Amino acid sequence: VQLKVPGITAFTTPNSDFYRVDTALTVPKVDAGTWRLRIHGKGVTRPRTYTLDQLLARPLIERDITLTCVSNEVGGPYIGNARWLGVPLADLLEEAGVRPPSKGGRADQLVARSVDGMTLGSPVEDVMDGRDAMLAVGMNGDPLPFDHGFPVRMLVPGLYGYVSACKWIEDIELTTFDAYDPYWVKRKWARRAPIKTQSRIDTPKPFARPTVGTVTVAGVAWAQHRGITRVQIRVDDGPWQDADLAAQAGVDTWRQWSYRWNATPGGHNITVRATDGTGQTQTEQRTRTIPDGASGRHSVFVTVT
Ligand SMILES: Nc1nc2c(c(=O)[nH]1)N[C@H]1C(S)=C(S)[C@@H](COP(=O)(O)O)O[C@H]1N2
Ligand SMILES: [Mo]
């Protein structure tokens with residue numbers, strides 16, 4: 001999964017480098033001993049409250065999942081990939097008596113609340129459709145860092161962070177999209193926000209001055225929960241050329257790619273596009289990040305000397 005190309009983003013993002021996006025002016029320092037998680041609401045026949053020890057005593061899964069912020073611009077840095085250890089969330093919901101809408105459940109929105117009052121809403125259907133939605137307690141072999149939600153955060157592969165990745169979580173309420181708008185939805189962001197297919201050129205950097213000959217163009221592409229099946233590169237107005245893909249870790253992670261370019265003298269624009277596991281190619285249409293994530297293609301301008 002890791003190509004040996006200088007300048008490419010590491011497949012696994014170290015915890016110390018992992019982007020941080022939240023509204024917390026001071027990071028909550030939750031006492032793990034007194035922390036509780038409550039699950040309640042519409043269609044919950046057996047409301048439950050868990051301690052951290054009770055969660056840790058359950059079977060845990062460990063998965064590579066790439067997290068992305070909806071506010072990430074095309075080519076931007078608000079994306080990271082980690083190996084998360086956690087409790088499967090669908091199991092907890094099933095124990096509480098929750099059924100997804102497709103099986104007659106009355107709640108279509110799961111609202112997660114944090115100790116600092118943030119609210120995030122995810123589709124119950126997505127959380128229970130078999131993907132690795134989890135309550136994460138570990139990140140890259142360490143306990144969850146304070147910055148990333150200690151002691152427990154939620155993760156749902158395929159959804160932007162603001163509709164899935166509640167840090168410092170303490171409450172899960174089953175409700176409907178009609179009945180409740182969480183924090184960012186009240187501020188005009190979309191109710192539902194699956195991650196858009198995207199790709200980024202990590203090397204060469206914008207305005208680099210590589211020398212004539214073979215230049216390795218490389219980067220990452222992501223379409224969480226659909227996977228990446230193809231990445232293509234275009235130089236100036238030339239034809240799209242297939243890049244080489246690194247092995248795919250899974251459909252929920254980004255995928256590295258590289259392309260050996262025979263660089264000729266002068267200024268050149270290099271553009272990337274990715275195709276996801278459903279066969280859809282990333283759109284050329286540029287949109288802003290609000291309301292449901294930026295689309296469009298990343299390109300870099302370089303001068304070959
Ligand atoms: N409690 C809380 N959880 C939160 C947020 C927040 O502001 N408060 N921000 C969300 C957003 S917008 C994103 S993109 C992810 C970022 O997670 P990270 O900071 O661990 O990268 O956390 C989500 N969970
Ligand atoms: Mo975000």
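In this predicted model, Trp-168 is found in the loop that runs between β9 (153-155) and β10 (169-175). The backbone of Trp-168 deserves a second look: its phi is near 50°, a positive value in a residue other than glycine. For readers new to backbone angles, it helps to know that most residues other than glycine have a negative phi, and that most peptide bonds are trans.

With that background in mind, two peptide bonds can be picked out. The bond from Thr-203 to Pro-204 is cis, and its omega is near 0°. Pro-204 belongs to the loop between β11 and β12. A cis peptide bond also links Ile-290 to Pro-291, here with omega near 10°. Pro-291 is likewise placed in a loop, the one between β17 (266-276) and β18 (299-304).

Thr-203 leads on to the sheet. Here four strands come together as an open sheet, in the order β11-β12-β16-β15, and their pairing is antiparallel. At the edges of this sheet are β11 (198-203) and β15 (244-245), each of which pairs on one side only. The partner of β11 is β12 (residues 213-222), and the two strands pair in the antiparallel sense over five bridges. Within this pairing, Thr-203 stands opposite Ala-218 in β12. Thr-203 thus appears twice in this account: it faces Ala-218 across the strands, and it also begins the cis peptide bond to Pro-204.

Attention now turns to the ligand. The space taken by ligand 1 is the largest pocket of the model. How many residues surround ligand 1? There are 20 of them, and the closest are Tyr-19, Asp-22, His-148, Arg-153 and Lys-167. Sorted by class, the shell is made up of eleven nonpolar, four polar and five charged residues.

Three of these closest residues can be described in finer detail, starting with the side chain of His-148, which places a polar atom 2.6 Å from an oxygen atom of ligand 1. For Arg-153, a polar side-chain atom lies 2.7 Å from an oxygen atom of the ligand. Lys-167 also has a polar side-chain atom beside ligand 1, at 2.5 Å from an oxygen atom. How much of the accessible area of ligand 1 does the protein cover? On its own, ligand 1 has 530 Å² of accessible area, and the protein covers 98% of this.

Methods:
Residues are numbered from 1 along each chain as its sequence is written. Chains are lettered from A and ligands numbered from 1 in the order in which they are written. This is a predicted model: local features need pLDDT of at least 70, side-chain atom pairs count only at pLDDT 80 or more; totals for chains, interfaces and linings use all residues. Side-chain values use heavy atoms; hydrogens and water are left out. A residue is near a molecule or strand if one of its heavy atoms lies within 4 Å of it. A polar contact is a pair of N or O atoms within 3.5 Å; within protein, one must be able to donate a hydrogen and the other to accept it, and residues adjacent in sequence count only if both atoms are side-chain atoms. Accessible areas come from the Shrake-Rupley method with a 1.4 Å probe; for residues, only the protein chains shown count as cover. On a 1 Å grid over the protein atoms alone, a cavity is a set of points where a 1.4 Å probe fits but cannot get out, and a pocket is an open set with protein on both sides within 12 Å along at least five of seven lines; lining residues have an atom within 4 Å of a point. A molecule sits in a cavity or pocket if more than half of its atoms lie within 2 Å of its grid points. Ala, Val, Leu, Ile, Met, Phe, Trp, Tyr, Cys and Pro count as nonpolar, Asp, Glu, Lys and Arg as charged, and the others, Gly among them, as polar. Two strands pair if DSSP finds at least two bridges between them.
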